[in-house]
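Got your viewer ready? Load the model, keep the sequence panel in view, and let's walk through it together.

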Amino acid sequence: MSSLRSVAVTVLEDSKGAYRWRLVELEEDNWRLLRQQPRAMKTYKAAMAAGLVELQAMVEDLDLGPREEELESEAERESAPEPEPASGSDHEERRKKGAAFGFGLPS
């Protein structure tokens, strides 16, 4: 099995009432930006929940966590076309595996 990556969700406050999530990864002694939310949300709670959902979508098995081969490099993401939204059946399969992130927000 590949090694577990040190990925974190953090929330930035751009201005009062404007919050955005970021996914960052620890590499040696520095945090590297993996992804960030393009538009701000009105609450910290909503931004954090959206960031956790984004992280969840990147992980194949939440019981094992994010592994080396699952998270793409920034260069690969930039050259790849935008992914299609997950189908309802894919979403249901993840929920069955215990993939329930969020702060009381509907999935």
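Below is a short tour, one selection at a time.

**Stop 1: the whole chain**

Start with everything shown as a cartoon, and keep in mind that this is a predicted model. The protein has three helices and three strands, and from the N terminus on they follow the order β-β-β-α-α-α. Now switch on a surface. About 7500 Å² is accessible, and carbon and sulfur atoms hold 50% of that. Colour by burial, and 27% of the 107 residues count as buried. If you like contact maps, here is a figure to go with yours: among contacts with a separation of 6 or more, 50% are between residues 24 or more positions apart.

**Stop 2: the nonpolar core**

Next, select Val 9, Val 11, Leu 23, Met 48 and Leu 55. These are the residues with the most contacts inside the largest nonpolar core, a set of 13 residues. Which elements give two or more residues to this core? They are strand S1 (7-15), S2 and H1. H1 provides the largest share, with five residues.

Stay with Val 11 for a moment and display what surrounds this residue. Beyond the neighbours within four places in sequence, Val 11 is in contact with Tyr 19, Arg 20, Trp 21, Tyr 44, Ala 47 and Met 48. Two of those names, Tyr 19 and Tyr 44, lead to the next stop.

**Stop 3: a pair of rings**

Show Tyr 19 and Tyr 44 as sticks. The count of aromatic pairs in this model comes to one. Tyr 19 and Tyr 44 make up that pair, with ring centres 6.4 Å apart and planes at 90°, an edge-to-face arrangement. What does the pair tie together? Tyr 19 belongs to strand S2 (residues 18-27) and Tyr 44 to helix H1 (residues 44-58), so the rings link parts that are 25 residues apart in sequence.

Are the two rings' residues buried or exposed? Tyr 19 has a relative accessible area of 18%, so this residue is buried. Tyr 44, at 43% relative accessibility, is partly exposed.

**Stop 4: Glu 25**

Move along to Glu 25, which also sits in strand S2. Is this glutamate buried or exposed? With a relative accessible area of 5%, Glu 25 is buried. Add Arg 5 to the selection: the side chains of Glu 25 and Arg 5 are joined by a polar contact of 2.4 Å. Now expand the view around Glu 25. Setting aside neighbours within four places in sequence, its contacts are Arg 5, Ser 6, Val 7, Asn 30, Trp 31, Arg 32 and Leu 34.

**Stop 5: Glu 27 and the hairpin**

Select Glu 27, another residue of strand S2. Its relative accessibility is 37%, so Glu 27 counts as partly exposed. Try a distance label from Glu 27 to Val 7: the C-alpha atoms are 9.7 Å apart, while the two residues are 20 apart in sequence.

Then bring in strand S3 (residues 30-36), which runs antiparallel to S2 and is joined to S2 by six bridges. Which residue of S3 is the bridge partner of Glu 27? That is Asn 30. Finish at the turn of this hairpin, where two residues lie between S2 and S3 and Glu 28 takes a positive phi near 60°.

Methods. Residues are numbered from 1 along each chain as its sequence is written. This is a predicted model: local features need pLDDT of at least 70, side-chain atom pairs count only at pLDDT 80 or more; totals for chains, interfaces and linings use all residues. Side-chain values use heavy atoms; hydrogens and water are left out. Rings of Phe, Tyr and Trp (its six-membered ring) pair if their centres lie within 6.5 Å; planes under 30 degrees apart count as stacked, over 60 as edge-to-face and the rest as tilted. Helices (H or I, at least four residues) and strands (E, at least two) are DSSP runs, numbered from the N terminus. Buried means under 20% relative accessible area, exposed over 50%, partly exposed in between (1.4 Å probe, protein chains only). A nonpolar core is a set of buried Ala, Val, Leu, Ile, Met, Phe, Trp, Tyr and Cys residues joined through side-chain atoms within 4.5 Å. Contact means heavy atoms within 4.5 Å. Two strands pair if DSSP finds at least two bridges between them. A polar contact is a pair of N or O atoms within 3.5 Å; within protein, one must be able to donate a hydrogen and the other to accept it, and residues adjacent in sequence count only if both atoms are side-chain atoms. Accessible areas come from the Shrake-Rupley method with a 1.4 Å probe; for residues, only the protein chains shown count as cover.
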